[in-house]
Amino acid sequence: MSHSCASRSERNVRSYWRTRCLDMSQKKIFLVLITISTVSLLLHHGGHLNLTLEAFWLGCPSSTLSFTQGSSDPTPKHTSVAFLKTHKTASSTVQNMLFRFAERNNLTVALPITTCDHQFCYPRPFSAHFVHPHTTPPDIITNHLRFSRAELRRLMPNNTVYITILREPGAMFESLFSYYNQYCLSFKRVPNGSLETFLDHPWSYYRPEEKDSMYARNTLTFDLGGDKDRPSSEAPAYAKRFAVEVERVFSLVMIAEHFDESLVLLRRLLSWDLDDVLYVSLNMRTTDSKSSLSSEITTKIRAWNAIDSVLYDHFNASLWRQLRALGLACVEREVQLLRQSRDRLVRGCFGGHLPPLRSASQITNKELRPWQPSAKVAIVGYDLPVNVTHKGHVPPRDDCLKMIMPEVQYTRLLLRSESLRYRKRFLRHSQQTLHAAGQVRVHKEFPSLLPRPSGTMARSTRGAMTSIKG
């Protein structure tokens, strides 16, 4: 009997350990599956998961997992955006970002009528009549225009978020002077094309009434719909009032000198993903087209563009208040993740690095040649020959090419695609209308063809009509 008990005890011990081993094996398998899933998520979502984890550990508010108040559902991406594209402020880079977002999300971008080329008949004040009918009703508007709040409210959805970008007036004016030197008469009449000469006696060359005078003074103010030529005695008070008015309309004013930090705020404002704000810089000048500015020249530029200077200082301070409220450590880390994600995108698109920068005349693919304002200034673009391959890789995807596509070509491409979509929608609507009209005509001419209700249905219908009348 003792032998039997011992055998039973031994069997129980073996059974116990088999069960323990099975449980441990199952736990190990579960942990391995969890690890694989986590790695897969990291590889698939990249910066998004990193961003959420960083936000958690740093105590940062995370808009990657933002939720509507009182709801467990993630906040949807905001898709109604009016971006006021200002001049020489890195606005072409923002525009390209918005174009790509619109295409990815099947949104409609308002585009200019063909007589306006790629701008909304700038410098005339914006009118909804300048919008190509094949690009309405729009979700996004981003091509150059002179701001008119009333006209944009007529065109855009009620929940549209208004955004713009400013640049430090000294650097911006130097860029304008170089870019439009042979285009703007106020600059063209200056001897030897000298910025210093212009600033010494600006009223000798500047004519407020000329067509392109907006490039020569307070260009930001003009683009925003303000008075660029307010008398000097009134300018300081006017500039402060105008800044308050702009702040009331625009939910975010980005600053070119702090572009990536501005994108942190933009992404959170619109509840977008990190991938939605990735970019490469566009519409840049060659190094030898740029002039270094002394402090004396910068002071003269700011005095000549006094209203723009007040606007810039106001919104630069506003930007940093918002960034400090978010937490500078959080902002810095998100900027790092944004740049890492951008580098990863470039590697995936172009085989390790961006295509080489070339002047327009050297770029073999005409779809990538930037517009040149004159022979005296060189605007560079990315040289990517047609059907190129990178070290055995296939040619870059269509969305990669669009990331380096200049404004003029991308605008035309979008207009073609949106016009095609409009025609398909119009044809489908026409066919439905004709079909419905044909049915009505048949019913009128041949009432005997109408299906007769059954006795039960007829009685039921009569009863319903009697109850309604009663």
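This is a short tour of a predicted model, one selection at a time.

**The whole chain**

Start with everything shown as a cartoon. The protein has 470 residues, and 45% of them are buried. Colour by secondary structure and you should find 16 helices and 8 strands. Now think about contacts between residues at least 6 apart in sequence: 69% of these join residues at least 24 apart.

**Stop 1: Trp304**

Select helix α11, residues 295–304. Show the side chain of Trp304. Is Trp304 buried or exposed? Its relative accessibility is 7%, under the 20% cut-off, so Trp304 counts as buried.

Which rings pair with it? The whole structure holds 24 aromatic pairs. Add Trp203 to the view. The ring centres of Trp203 and Trp304 are 5.4 Å apart, and the planes meet at 80 degrees, so this pair is edge-to-face. Trp203 sits in the loop between α7 (195–200) and α8 (219–223), while Trp304 belongs to α11, so the pair ties together parts that are 101 residues apart in sequence.

Next, add Tyr206. Its ring and that of Trp304 have centres 5.3 Å apart, with planes at 90 degrees, so this pair is edge-to-face too. Tyr206 also comes from the loop between α7 and α8, so its pairing with Trp304 in α11 links parts 98 residues apart in sequence. Tyr206 has 2% relative accessibility and therefore counts as buried.

Widen the selection to see the rest of the group. One aromatic cluster takes in Phe173, Phe177, Phe187, Phe198, Trp203, Tyr205, Tyr206 and Trp304.

**Stop 2: the helices packed on α11**

Keep α11 on screen and add helix α12, residues 306–326. The two pack at about 100 degrees, with their axes 5 Å apart. That angle falls between 65 and 115 degrees, so α11 and α12 are roughly perpendicular. Show the side chains at the contact: Arg302, Ala303 and Trp304 from α11, and Ala306, Ser309, Tyr312 and Asp313 from α12.

Then bring in helix α5, residues 169–179. How far apart are the axes of α5 and α11? They lie 9 Å apart, and the packing angle is about 85 degrees. These two helices are therefore roughly perpendicular as well. On the α5 side, the contact is made by Pro169, Gly170 and Phe173. On the α11 side, it is made by Thr298, Ile301, Arg302 and Trp304. Look again at Phe173 here: it is also a member of the aromatic cluster.

**Stop 3: strand β1**

Move to strand β1, residues 81–84. In a regular strand, side chains alternate between the two faces of the sheet. Check both faces. Val81 and Phe83 are on one side, Ala82 and Leu84 on the other, and all are buried.

Which strands pair with β1? Select β3, residues 140–141; it runs parallel to β1 and is joined to it by 2 bridges. Ala82 has Ile141 as its bridge partner in β3. Now select β4, residues 161–166, which pairs with β1 in the parallel sense over 4 bridges. Here Val161 is the bridge partner of Val81.

**Stop 4: two arginines over rings**

Finish with two charge-over-ring sites. Zoom to Arg146, which lies over the face of Phe222, 3.8 Å from the ring centre. Then go to Tyr279. What sits over its ring? The charged end of Arg342 does, at 4.8 Å from the centre.

Methods:
Residues are numbered from 1 along each chain as its sequence is written. This is a predicted model: local features need pLDDT of at least 70, side-chain atom pairs count only at pLDDT 80 or more; totals for chains, interfaces and linings use all residues. Side-chain values use heavy atoms; hydrogens and water are left out. Rings of Phe, Tyr and Trp (its six-membered ring) pair if their centres lie within 6.5 Å; planes under 30 degrees apart count as stacked, over 60 as edge-to-face and the rest as tilted. Buried means under 20% relative accessible area, exposed over 50%, partly exposed in between (1.4 Å probe, protein chains only). A charge sits over a ring if NZ of Lys or CZ of Arg is within 6 Å of the ring centre and within 35 degrees of the ring normal. Two strands pair if DSSP finds at least two bridges between them. Axes are lines fitted to C-alpha atoms, for helices over the stretch in contact, and angles run from 0 to 180 degrees between N-to-C directions. Angles under 35 degrees count as roughly parallel, over 145 as roughly antiparallel, 65 to 115 as roughly perpendicular and the rest as oblique. Contact means heavy atoms within 4.5 Å.
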